[in-house]
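Got the viewer open and a hand on the mouse? Let's take a walk through this model, one selection at a time.

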Amino acid sequence: MANQTRLYPESKVELTPFTLKHYDTLINMASFGLYKPFIRKAIRAMNIQPDDRILDFGCGTGRNACLMAKYLSPGGKVAGLDISKTMGEHFEKKCRKYPNLEFRQQRVDQSFDLGEKYDKVFMSFVFHGFPQEVRHIILQNALRHLQKGGTLNILDYAEFDVGSTPLWFRLPFKVLEGGCKYAWDYLERDWKQVLSEYGFGRFDEHFFIRGHLRLLKAEKIE
Ligand SMILES: C[S@@+](CC[C@H](N)C(=O)[O-])C[C@H]1O[C@@H](n2cnc3c(N)ncnc32)[C@H](O)[C@@H]1O
């Protein structure tokens, strides 16, 4: 990562300069074109309301924020947070036609407070890449920024046993996450149980790619 120290060298979440530069193209290629229809469906399943204020943790290039913007009125907004300046440049270029989208260079693995409450916090393929104690900080950050009744939307791997998954999914999973012990740990946890310990409830799940990926929606109850 250009000019940035990697805090989690065993994780794939801190991207290399090459991956940062070509992220969307690489994902399209690695998914054999499946990513585009998948992400559209996943964002539709978020049930975004016109006036929603959304925080996107680890927003990447802004591709997801632009898809979310299509559901918003001028009263709604998306604030994309990412550690990477390169991702910020992609975001600002990609999203410039949407005035209610903004980028902030902000780490989500350390405690922060933007001083505002949001209706939704979204995290797409970010959460699995951190150690469990850091996920705790990320969840606290989400809770702090959600209003009561707001939802945390985690789009990531579902809970599955790698050994029993079919080869067509196991192989790309191992290529992408092979050396990342945090991703393997992520698969084994009962996330609804974990999130309920943080004061989340009224869960809603949507599965994609034959059950291997999941949008988990969790409402802030307390
Ligand atoms: C696998 S990419 C996912 C990007 C985007 N969410 C998507 O679905 O297209 C992970 C993203 O998390 C960002 N990231 C990594 N560590 C981060 C941190 N500590 N705080 C905020 N963003 C981080 C990376 O720069 C990258 O954009």
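Before you click anything: helices and strands here are DSSP runs, numbered from the N terminus, with at least four residues for a helix and at least two for a strand. Also keep in mind that you're looking at a predicted model.

**Stop 1: the ligand.** Select the ligand and show what's around it. You'll find 19 residues surrounding the ligand, and the closest are Gly58, Gly60, Ile83, Ser84 and Ser124. Now highlight helix H3 (63-69) and strand S2 (77-82): each supplies at least two residues of that shell. Colour the shell by type and you get 9 nonpolar, 5 polar and 5 charged residues.

**Stop 2: the sheet.** Switch to cartoon view and follow the open sheet of 7 strands, in the order S3-S2-S1-S4-S5-S7-S6, with mixed pairing. Strand S3 (101-105) and strand S6 (200-208) are at the edges, because each has a single partner strand and so one side without a neighbour in the sheet. On average, neighbouring strands are turned by 20 degrees against each other, direction ignored.

**Stop 3: S2 and S3.** Zoom in on this parallel pair, joined by 5 bridges. Pick Asp82, and you'll see Gln105 of S3 opposite. Then select helix H4 (residues 85-94), which lies across S2 and S3 and runs at about 170 degrees to S3.

**Stop 4: the core.** Which residues touch the most other members of the largest nonpolar core? Of its 47 residues, they're Phe57, Ala65, Met68, Val121 and Met123. Strand S5 (residues 146-157) gives the most to this core, with 5 residues. Finish on Phe57: beyond its neighbours within four places in sequence, Phe57 is in contact with residues including Leu81, Val108 and Ile138.

Terms used
Residues are numbered from 1 along each chain as its sequence is written. This is a predicted model: local features need pLDDT of at least 70, side-chain atom pairs count only at pLDDT 80 or more; totals for chains, interfaces and linings use all residues. A residue is near a molecule or strand if its C-beta atom, placed from the backbone, lies within 6 Å of it. Ala, Val, Leu, Ile, Met, Phe, Trp, Tyr, Cys and Pro count as nonpolar, Asp, Glu, Lys and Arg as charged, and the others, Gly among them, as polar. A nonpolar core is a set of buried Ala, Val, Leu, Ile, Met, Phe, Trp, Tyr and Cys residues joined through C-beta atoms within 7 Å. A residue is buried if 20 or more other C-beta atoms lie within 10 Å of its own, exposed if 12 or fewer, and partly exposed in between; C-beta atoms are placed from the backbone. Two residues are in contact if their C-beta atoms, placed from the backbone, lie within 7 Å. Two strands pair if DSSP finds at least two bridges between them. Axes are lines fitted to C-alpha atoms, for helices over the stretch in contact, and angles run from 0 to 180 degrees between N-to-C directions.
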